[in-house]
Every structure is written in structure tokens, then in C-alpha cells.
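Trainee: I am new to this structure and would love a close look at one part of it. Could you walk me through the salt bridges and how open their partners are?

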Amino acid sequence: MQGEVETEVARGALGSPPWDDPRIKEEALRWVLLAQFDTDDDADMMWGDCGALYWLIRPEDLAECRFDRAMFTWQCC
């Protein structure tokens with residue numbers, strides 16, 4: 001919706017450095033989408049103004065079922 005969610009999560013995982021920090025791009029490559037929930041009028045779910053919820057996880061954490069290490073972000077229009 002607004003940008004790559006991997007980049008948002010990577011920035012958070014790094015402690016919120018400035019957006020131009022080169023580590024963010026490298027860290028973003030380490031995350032994969034675990035779950036996404038979009039706004040759905042039929043299910044009566046609205047996130048912000050027609051947004052979506054995202055959970056991402058590192059592949060090695062997924063393989064070990066370490067869901068407590070997943071990261072969350074959301075975006076809306």
C-alpha cells in the first residue's frame with residue numbers, strides 16, 4: 001500500500017535508524033511475509049482507512065516455529 005513492508009520491519013528490527021541507513025536494505029532481505037489481513041467489508045474488518053495488517057518473520061525463525069520473533073506492521077491508504 002505505502003511501501004515495502006520488509007523495509008518497515010527491518011528498520012524496526014534495527015532500532016529505528018534514519019530511513020537512509022544502508023543497513024535497512026540488507027536487513028529487509030532477511031524477512032518474509034508470514035500473514036496478511038486486508039480490509040474486508042464482507043467480514044466487517046476495517047484497518048484504518050482500508051488498510052492491511054502484516055506479520056513478517058525470518059525464515060530460520062519460521063523453520064524453528066519461533067513465532068514470538070515475528071514482527072508486525074500495518075499500512076493504510
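Mentor: Happily, let us begin with Asp21, which has 17% relative accessibility and so counts as buried (under 20% relative accessible area is buried, over 50% is exposed, and in between is partly exposed, with a 1.4 Å probe and protein chains only). Its side chain meets that of Arg23 in a salt bridge, 2.9 Å from N to O; the term asks for a side-chain nitrogen of Lys or Arg within 4 Å of a carboxyl oxygen of Asp or Glu. Arg23 itself is partly exposed at 44%.

Before going on, please note that this is a predicted model, where local features need pLDDT of at least 70 and side-chain atom pairs count only at pLDDT 80 or more, while totals for chains, interfaces and linings use all residues. Residues are numbered from 1 along each chain as its sequence is written, and side-chain values use heavy atoms, leaving out hydrogens and water.

By the salt-bridge rule, the count comes to six. One of them joins Arg30 and Glu27, at 3.3 Å from N to O. Glu27 is buried, at 9% relative accessibility, whereas Arg30 is partly exposed at 38%. Both belong to a network of salt bridges that also links Arg58 and Glu60.

Another pair is Asp61 and Arg66, whose closest N and O atoms are 2.8 Å apart. Here Asp61 is buried, with a relative accessible area of 3%, and Arg66 is partly exposed at 27%. As a general point, side chains of opposite charge can pair when their charged atoms come close.
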